[in-house]
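Visitor: Before we look at anything, I would like each term held against its rule rather than taken on trust. Could you take me through it that way?

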6 protein chains.
Amino acid sequence: MKHVRTQMQVQADDFFFSGLHLRGNTSNPLGSRVTPVFATQFPRLNTLGISMVRIDYAPCGLNPPHTHPRATEILTVIEGTLQVGFVTSNPDNRFITKVLQKGDVFVFPVGLVHFQRNVGNGYAVAIAALSSQNPGAITIANAVFGANPPIPGDILAKAFQVDKSVVDMIQAKF
Amino acid sequence: MKHVRTQMQVQADDFFFSGLHLRGNTSNPLGSRVTPVFATQFPRLNTLGISMVRIDYAPCGLNPPHTHPRATEILTVIEGTLQVGFVTSNPDNRFITKVLQKGDVFVFPVGLVHFQRNVGNGYAVAIAALSSQNPGAITIANAVFGANPPIPGDILAKAFQVDKSVVDMIQAKF
Amino acid sequence: MKHVRTQMQVQADDFFFSGLHLRGNTSNPLGSRVTPVFATQFPRLNTLGISMVRIDYAPCGLNPPHTHPRATEILTVIEGTLQVGFVTSNPDNRFITKVLQKGDVFVFPVGLVHFQRNVGNGYAVAIAALSSQNPGAITIANAVFGANPPIPGDILAKAFQVDKSVVDMIQAKF
Amino acid sequence: MKHVRTQMQVQADDFFFSGLHLRGNTSNPLGSRVTPVFATQFPRLNTLGISMVRIDYAPCGLNPPHTHPRATEILTVIEGTLQVGFVTSNPDNRFITKVLQKGDVFVFPVGLVHFQRNVGNGYAVAIAALSSQNPGAITIANAVFGANPPIPGDILAKAFQVDKSVVDMIQAKF
Amino acid sequence: MKHVRTQMQVQADDFFFSGLHLRGNTSNPLGSRVTPVFATQFPRLNTLGISMVRIDYAPCGLNPPHTHPRATEILTVIEGTLQVGFVTSNPDNRFITKVLQKGDVFVFPVGLVHFQRNVGNGYAVAIAALSSQNPGAITIANAVFGANPPIPGDILAKAFQVDKSVVDMIQAKF
Amino acid sequence: MKHVRTQMQVQADDFFFSGLHLRGNTSNPLGSRVTPVFATQFPRLNTLGISMVRIDYAPCGLNPPHTHPRATEILTVIEGTLQVGFVTSNPDNRFITKVLQKGDVFVFPVGLVHFQRNVGNGYAVAIAALSSQNPGAITIANAVFGANPPIPGDILAKAFQVDKSVVDMIQAKF
């Protein structure tokens, strides 16, 4: 991690980050990879209220349902074809979805559950920006079924209206 | 819904809302009920950046995992015993939990997945406040498995690492 | 006072505060007691933009005219009957007042002079939330007549349009 | 009041206000006069987060204890000699005061009770700016003893620890 | 321009904008073209605090010195090689510059004068995001020498320490 | 520079700054002088969101085109006659100008290029306030032609549509 220098010492490198040309490793069950450029990776973003990510998608790859607790996201497709979607908040829970081609732009309002998946024939790449230098990310499946220690299974069974055995099975995957 | 009057016409009733003494109807599968006092119900809250809720819990009742996309929540137990919990964001997904007695206070930072459940012998009641007049609420199970129209089952199967038949079964409940 | 830990070390207790079930000591001339849960008492509230108080009122007890310089307040009556009021700013200085019963909610916009008094037959209790973790409180009588060192008496005599002897008399009480 | 035009129609006059060279009429019991340039008088200030006032003080004139519920104030003395002061919030209620000469600058943090009085031999003038286009002003004596309708006298008697007859006397002046 | 619908009527198309795959027309004296996706073009961005642009650069093309009065900008190079630079504010006016390759990221803090130019052999493309839905853009040369009506020439001659004939010559170009 | 003390130690002098009665030295090519009262000079302004300046103008003096990257400015003329102006952002670049007399007020929205010049017969003085304790200032000519190290001349030649020799000549002045 780079360090933040005082104003008298700032150098061009402080405002610089490299690596978004590199394809992220999508050899994982989801077939996607997010490369974040947040204040953690790029400390000069602190107080500036913006950050960026590259997202890679293997064929059929999924950036699974997640939220950013402190940022709106604007995304553009650099390569490939993506289905994107988000769900509005209670009580409507409307599913809003769209297939995006290269050059299309989509905005995911702060805190809403959203995803992207590759519905084209090849790899896909998106660049997205977020309205915070520290937007956070909560992958719903991981937070709910993969928390450490686990959320008690009876809570999840009740919330998802399934037998606890189903919850146990899902938790075992995470 | 009340209407907002101009500054010259404001009356005491504009700043007033009643009904938080009433036990919410918890005769539902979750055994809980949230009574919101947001700007939708109480228009004078607009621009004031705060709102309130009463939450009722039948024995074993659960206010299931949810997020508020635009607010931090501070909660105090008025009656009964609650287990509360939230999960930190990626990559740690730490489950932070505590059993609260009457008079205990807990804070859920903006956007994090959190829940409360009644772990006492009788009814439980909490009063909570939120740092927005329009905090929103996203019940995770409903947004993910109960969206309208549904999120495609293969997306959820991949995200939750289960067979699509499991997703179909859960979606059928919502 | 608790200490704030780094994000890697957070524990459930950091998000927890206890004691709002305890009746505040109202054996004082005003017959009221505010128990604050601000960032001073509960450091985790820092940056979260919200806080809470319990207010106890003996019969006839008064939470005297005061302001919060950095927060709007939303209050609900847990027990008893309260007359609440605030005064709009210059030039109208309209007095807006309402008698609240258990379960009623009232909002006091940021910075306005407001009070509550117990107009029921027994004790009264309110829970209120404020739109800042550090709302501040300025009790008007104390700030004006009880400042340390005192505000010169001739200033107050002119401001309140009374003989300086009246000011001297009031200042002597604080 | 001027009207706000659309962006395509803005004219220089929209960004312009005149009159701060005029001495305010100080022929009143307090011997002071505030000439505000807030969004009410100068609509273009809306959303811009700043406003200005001229304050005139006759010899011995007082701008009495007041608060701005939505702004910090920075003041400079253009002419004359002013004693300025403010009181810190609970529990300390420290009185912070200073005598200012021409060219001195003082800052009154948001929401605190503050005043200025002319302690020189002639007239005095100050220019101040506020960190909101709509800062509001609450003159403590007017809000407390001059509200319309009046705050019940027994409330004020208890708050100020005086006989109700003293309150009646003060209220009669406003 | 699309219209903003009420919350009940939102459709996927409201959150969607297309066209960033299209090369901007760089047949102009500067050899560059900015394609904005601001709230003017994409109304759903209102209140969301973020926006995006595509910038095309012909060989030797220049996105000339400009500022965004209401936003920080984060930029990544999609194709080609760019020299980027900005100048710190008074009194240092330090010129901070860097040559960026594909995949490099650079951040321009709010309000600072900055530029990019193509220093590679072919075309270049950048995607940038801004921390406001309405960031504004002020091209320095246009605002100073191309204002309508013109800024008086003697003002600019004095500011830039040149003969008025030089100003006249520059103004004639705009 | 003064130091900021903890809240328990604050003294009146912490809230105090002196010197705005002193005429700034205008013996320089521009014939103007800005005396800032920003957080750098007056640390108590930190977090308070406001600051102040005095500006002196010799006859024909110019406060040259500049921007404040983080603040709107409101200005009033204390003495003399000023022409003020600003330019709206792209694409209109409208020049908005007005001649101000003593007591006139003008507002320059955040980030826009603006100037003032003395068009009266004698000296002129203005007091202005800014909506940030750390507004910054960017003198356009200095940032563009006087940066250190210099911005490459061919960039400026292209941006201003002049021969590089003209740029060289201007840069040599700074």
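Guide: Let us begin with charges and rings: a charge sits over a ring if NZ of Lys or CZ of Arg is within 6 Å of the ring centre and within 35 degrees of the ring normal. You should know that this is a predicted model, in which local features need pLDDT of at least 70, side-chain atom pairs count only at pLDDT 80 or more, and totals for chains, interfaces and linings use all residues, while side-chain values use heavy atoms and leave out hydrogens and water. Residues are numbered from 1 along each chain as its sequence is written, and chains are lettered from A, with ligands numbered from 1, in the order in which they are written.

Visitor: What makes you say that the charged end of K98(A) sits over the ring of F16(E)?

Guide: The charged end of K98(A) is 4.4 Å from the centre of the F16(E) ring and is found over it, so the distance satisfies the limit of the rule. The charged end of K98(B) likewise sits over the ring of F16(C), 4.4 Å from its centre.

Visitor: How do you know which rings form an aromatic pair, and how many pairs are there over all chains?

Guide: A pair of aromatic rings is described by the distance of the centres and the angle of the planes. Rings of Phe, Tyr and Trp (its six-membered ring) pair if their centres lie within 6.5 Å, and planes under 30 degrees apart count as stacked, over 60 as edge-to-face and the rest as tilted. By that rule, a search of the whole structure finds 48 aromatic pairs.

Visitor: Why is the pair of F86(E) and F106(E) called tilted?

Guide: F86(E) and F106(E) have their centres 6.3 Å apart, which qualifies them as a pair, and their planes make an angle of 55°, which falls in neither the stacked nor the edge-to-face range, so the pair is tilted. F86(E) lies in strand β6 (residues 82-87) of chain E and F106(E) in strand β8 (residues 105-108) of chain E, so the pair ties together parts 20 residues apart in sequence. Strands (E, at least two residues) and helices (H or I, at least four) are DSSP runs numbered from the N terminus. Both F86(E) and F106(E) are buried, a word kept for relative accessible area under 20%, with exposed meaning over 50% and partly exposed in between (1.4 Å probe, protein chains only).

Visitor: What makes the pair of F160(E) and F145(F) edge-to-face?

Guide: The planes of F160(E) and F145(F) stand at 85° and the centres are 5.6 Å apart, so the pair meets the edge-to-face condition. The pair crosses between chains, from helix α2 (residues 153-160) of chain E to helix α1 (residues 140-145) of chain F, and F160(E) and F145(F) are both buried. As for groupings, F15(A), F86(E), F106(E) and F108(E) form one aromatic cluster.

Visitor: Why is N63(E) called buried?

Guide: N63(E) has 7% relative accessibility and therefore counts as buried. N63(E) belongs to strand β4 (residues 62-67) of chain E, and, leaving aside neighbours within four places in sequence, its contacts (heavy atoms within 4.5 Å) include F115(E), Y57(E) and S32(E).

Visitor: How do you know how many residues of chain E are in contact with chain A?

Guide: By the contact rule, 45 residues of chain E meet 45 residues of chain A. Chain E and chain A bury about 3,600 Å² between them, 72% of it on carbon and sulfur atoms. On the chain E side, F15(E), I50(E) and V105(E) lose the most area to chain A, together 16% of what that side buries. Buried area here is the accessible area (1.4 Å probe) that two parts lose on being put together, summed over both.

Visitor: Why is the meeting of K98(E) and D13(A) called a salt bridge?

Guide: A salt bridge is a side-chain nitrogen of Lys or Arg within 4 Å of a carboxyl oxygen of Asp or Glu, and the closest N and O atoms of K98(E) and D13(A) are 2.4 Å apart, so the pair qualifies. Across the interface of chain E and chain A the rule finds two salt bridges.

Visitor: What makes up the contact between chain A and chain B?

Guide: The contact takes 52 residues from each of chain A and chain B, and the two chains bury about 4,400 Å² between them, 67% of it on carbon and sulfur atoms. In chain A, K158(A), F160(A) and Q161(A) lose the most area to chain B, together 14% of what that side buries. The count of salt bridges between chain A and chain B is two, and the side chains of D154(A) and R117(B) meet in a salt bridge at 2.8 Å, N to O.
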